[in-house]
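Visitor: Could you walk me through one part of this protein up close? I'd like to hear how a single helix sits in its surroundings, and then what the packing elsewhere looks like.

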Amino acid sequence: MEPSSSSSAAAAATSNRGKRKSSALPAHEDAKRLKTEQEGEGVVEGAHPPRLPRISVPLNRLQQPITVNELTELLHYAALGKAGGIKQPRKIKDVNVVIVEGLTQSHFYKHYLTLRHLRTNYSSRVTFTPSSNNVASEIFSSEVPKSEGPSLSQTHKANSELHKALKNHPVITKFGIRRRGLTAYALTQEEMIKRHYPVKGMPGFEEFVCTDSVDCVTDSSPLYGLDCEMCLTEKGNELARVSLVDSDGNCVLDELVKPPNRILSYLTKFSGITAAMLRPVTTTLRDIQAKLRALLPRDAVLVGHSLNNDLIALKLIHRHVIDTSLLYRREFGQRFKLKVLAETVLKRQIQTEEKKGHNPIEDAVAALELAQYFIKTGPLQVVEHHLEELWGYTIEEEFTDSASAPTPSHRFADILQTLGRSVAFFGKRSDVALDLSNQQWHNSDKEVLASFRRQTKRPFLSVLHFPSLSDHLKQCVPHQEQQRQRVCANLRDMCLVFAGPFPAGFSEREVKRLFRCCGPVRKIKMLNTAVRIHAEVEFEMLEGAVLALKTLNGLNLQGQSIKVQRPVNESMLDLDLTLDALMGDVLNTRNLYAVKLKPSVAECINISAKVNGHTLDAEGSGVTSIKTANGLRAATVNGKRLQLTTTQSDLSEETVRETFGLFGTVDGIVLPAKAGKHARHAYIQFESSEGKHAALSSSEDLWKEEYLICPSLTPPHLGSWVAMTTSVSTVNAEGEDEERTHMHTSSQDQKMELMMGKLDRRLGKLFRSLPDCTLSVVVLPGHTSSHGHTPGLCFMEVK
């Protein structure tokens, strides 16, 4: 979609319908206007009850996309009550954002009928500009302007007090206060020797197997979580199970191992291993060593809790390790149990009494996440956040030196927590700029929703990441571009009509002149057979195709009747249902589409025109040909040449408001036009649906004013229906356009349709579970690839 150059870069809202500004606003001012606001007026159809917050997006701003930066500003204003220009106090109680990874605007309209909740419960829908950044992380880490944030003087004092008092804390003494990369926390060879790690060349480790590890790792090297369970044999503790997880927490190895010596105790209370489990196992320690050597990249960093015990059980030497028992240090060398750290830092229960033995996968993931949290958060903040819970004391010294206070954070998440408003992320493991204690990781939409709904106390700001559709699309990568082409082709078919036969010699230019009386024409393709001429006409608007079918089908052109019809293919089977749904879309209930007719072929044939001072009825009028010269029209009517004179005027907001204001109060008018061209069509938004219906019932009177009208179908945020598909197109080896290639519905299509239905039901359940006065935002992030830019969508509603 190409936005108008005179508009600002974001969709915006207004707090007063009576005040309109024609000039563009700066981006952040625009975002301020795209906001929740108090409805101080009386109730109108489609609006929320009086005195409740609501989203308001003016019609003339809907065609501008919103970026992730502008979305985060909107969330700032809603959450902090600092939305400039809002006179009424905020009544937003919670903010909930759902990110449906992998979906685009095209996906939404392809599955429009299936996504009933999204299309009916959200009254604001704005094109979303894809971002290369993590949207969830952008929301939490976005900087709030100092003037918008709360007073943080108390935070200055507390931070300074902590900074001084923690100078001798064991974690600060070892690692300092600066946040650094993972290499700062990997054990040196000297530390490994001191902590009884297996090291090549040291006594006692001669029979150990070495991994193929590089000499040095970097801060971008991958982390792998490792945990082992042992049984007691006549030779001591020996390996019975090993689990390895990658940096995303995915299990890449989980195997039982047969100890070579006689087992004295399975240590089931701790290991979870039983005799029955090991009886059929044939895997040996040597097998496991070979698998680990094959699985671990050369620059892998192993993470574990007291990892030296696991490596000794594996009889494995690995040069680069991080031991979480040594990260979270205590004063005199004591170590925290993994269970305690997981519960305190990760807010997760592991090794619970009801479980029979430890789960090494769960323990490996916990150690991995503890290391990731420490690296990402930094030693100072780790200590600050968990000082009392882990180390058992608080700071009581008086504040003395404000000059040494660290600069307060203006991150959105930090400011909310300073104000006592909780924040949380629910979703697949992701690089989210948020403490791990505020994150809950799940691998499916179902788990994410269930986890959120289980919360007894809902966080003030919650961001949910639904990963299932993204995972499905990644699984069918070879077909993904083909699927995108099909989506584009199916959407474009809705704007397509076939027409003919035309009189001999009828040109492409004449076809375009005829059909553009119904709306802007994107493309004409002439279809010449040996005997007759037909044409494929593609409109920019859905309304253009609808009006062409209604107005031009059966037209008698030079004594020859032409037929106008839709394409006959699979994508058109549910078109009537789709058009009805679009007409009833909450975004279109008060909107009307109008075309200002230009004196042309269509005008003279389909609409009453003045011929020598007399009204000429279009139907059966005997008009057989028309020529244009010097602004005058010459028609041959019943064999007699007549001059046609028709007044032509440009479409302007003033003339549209004057004409359509007779049917009801006009709230907004959009006049899409290309640079240097006059607008010929308009979207008109009435204050209520009664105005729209009054205009539709007077369509014949509007014909006399040279207007052709129909209910709005194209969603207001789209400059044209086909705009969302024009950026994605391919050409085959013969140079033929493939964007309209049709194939029968595949199993992948059926699976996608089912998944979209499940997604919509889950979003509906989530919306119903939100308390009243919650700002609910659903983001389809869109997609950027080497094939082009595919925009997303942002849905907004205050429940």
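Guide: Here's a close look at one helix, followed by the nonpolar cores. A quick caveat: this is a predicted model, where local features need pLDDT of at least 70, side-chain atom pairs count only at pLDDT 80 or more, and totals for chains, interfaces and linings use all residues. Residues are numbered from 1 along each chain as its sequence is written, and side-chain values use heavy atoms, with hydrogens and water left out.

Let's take helix α25, residues 653-660 (helices are DSSP runs of H or I, at least four residues, and strands are runs of E, at least two, numbered from the N terminus). V656, T659 and F660 are buried there, meaning under 20% relative accessible area with a 1.4 Å probe, protein chains only, while exposed is over 50% and partly exposed is in between. Those three sit on the same side of α25 because they cover an arc of only 80 degrees around the axis, taken from the directions from the helix axis to the C-beta atoms. Flip to the other side and you'll find E654 and E658 exposed. The buried residues of α25 pack against several elements, including β22 (591-596), β28 (666-670) and α26 (689-697).

Now for the cores, each a set of buried Ala, Val, Leu, Ile, Met, Phe, Trp, Tyr and Cys residues joined through side-chain atoms within 4.5 Å. The largest has 78 residues, with I322 and Y328 making the most contacts inside it. Helix α15 (residues 360-377) supplies the largest share, 10 residues. A second, separate core of 43 residues includes V98, L473, C495 and F795.

Methods: Contact = heavy atoms within 4.5 Å.
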